[in-house]
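Me: Please take a close look at a single part of this model, the surroundings of one buried charged side chain, and describe in a connected way how that side chain is held.

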Amino acid sequence: MRPTLKLYRGYANDQEFIVFGHVFRNSSAGNYEFEKKRFKNAKSILRMFLIKTIANADVYLEHNGMRIHTKTLSDGYFKFCIPLKEELAHGWADYYVSTFYEGEEIREKGTYIRPYEGDLGFISDIDDTFLVSHTRNIFKKIYILLWKNINDRKIFEDVVPHYQALSTAGRNKKDEMNAFFYVSSSEWNLYKFIVKFTEKHDLPRAVLLLKDIKDSLMDFLVTGRGNHNHKFDKIKHILEFYPHLQYTLLGDDSQHDPYLYEDVCKIFPVTVKAVYIRQTGSQKKEKAIAAIKNIESLGVAACYFKNSSEAIEHSKRIGLIA
């Protein structure tokens, strides 16, 4: 059966260009319908975790006159890390990747960003940071994922104006935005849903860095849970890839963000400018409060908030946004 080639948003600096994606065995892998009601929505979501990937598939990157060959890993994932001989333009641009099936070329277009010149970078979690997901209650989380389509899924109040203000902070040109990354313990299976949700709510266009793809219903039952070391590794990579930026980290207290961000601040005390943690329960957590105090002791501004209006006021107070 004709494979499906899925590309994700890539990124570049002045020395390296990184793009990545998956090759799936079943062509239905890309045909999810997130606006269907109830059973049809549930079917689309479940199909996202019943995909089959192709290991060792040949893939070819085309960019700036280059054609570079590699092969997929055991889980169908491929990644090109290409050293640059000449600087790329700032902003979003296109790249192409192709694979072959029975002599037929399957070619897809992806996008990547080289951030505009500037000083600020933003890294945000997704579930219960801007997308209401009820991560603390696994049964409620699965119910909402299955039975609530993309139009019924909720976003926290005032997240959009906060994120839009951060995206344009310190910018004089309207078409130049700050670098934004969404780093989550959600799997690559949910990539298309997350992109559609962020576009629907006018959240900043961002590079997504998610967890290894899953291919069974058992994996679906524990989606977004388990080891969060990958988030630490991804955030560390971004901070090292763009070392000149001052970063703001945004997360929530439903899982490990306060302690994860505390560790990041300890390693990058000059690089991290501010940390925002959303309170997801009725009370603030003592351990999260302690982590916030420790972050502040490093000279990093921190805000543990219930409503995004509080985060907006804090951002104004520290001069992050106007």
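Reply: Buried is used here for a residue under 20% relative accessible area, exposed for one over 50%, and partly exposed for anything in between, computed with a 1.4 Å probe on protein chains only. The model is predicted, so local features need pLDDT of at least 70 and side-chain atom pairs count only at pLDDT 80 or more, whereas totals for chains, interfaces and linings use all residues. Residues are numbered from 1 along each chain as its sequence is written, and side-chain values use heavy atoms, with hydrogens and water left out.

Lys231 counts as buried because its relative accessibility is 3%, and its place is in helix H6, residues 229-241, where helices are DSSP runs of H or I with at least four residues and strands are runs of E with at least two, numbered from the N terminus. Apart from neighbours within four places in sequence, Lys231 is in contact with Asp125, Val183, Ser184, Ser185, Asp257 and Leu260, contact being heavy atoms within 4.5 Å.

Two of these partners are acidic residues that form salt bridges with Lys231, a salt bridge being a side-chain nitrogen of Lys or Arg within 4 Å of a carboxyl oxygen of Asp or Glu. With Asp125 the N to O distance is 3.2 Å; because Asp125 lies in the loop between strand E9 (120-124) and helix H2 (138-147), this pair ties together parts that are 106 residues apart in sequence. With Asp257 the closest N and O atoms are 2.6 Å apart, and this pair links helix H6 to helix H7 (residues 257-267), 26 residues apart. Asp257 also counts as buried, because its relative accessibility is 4%, and Asp125 is buried as well.
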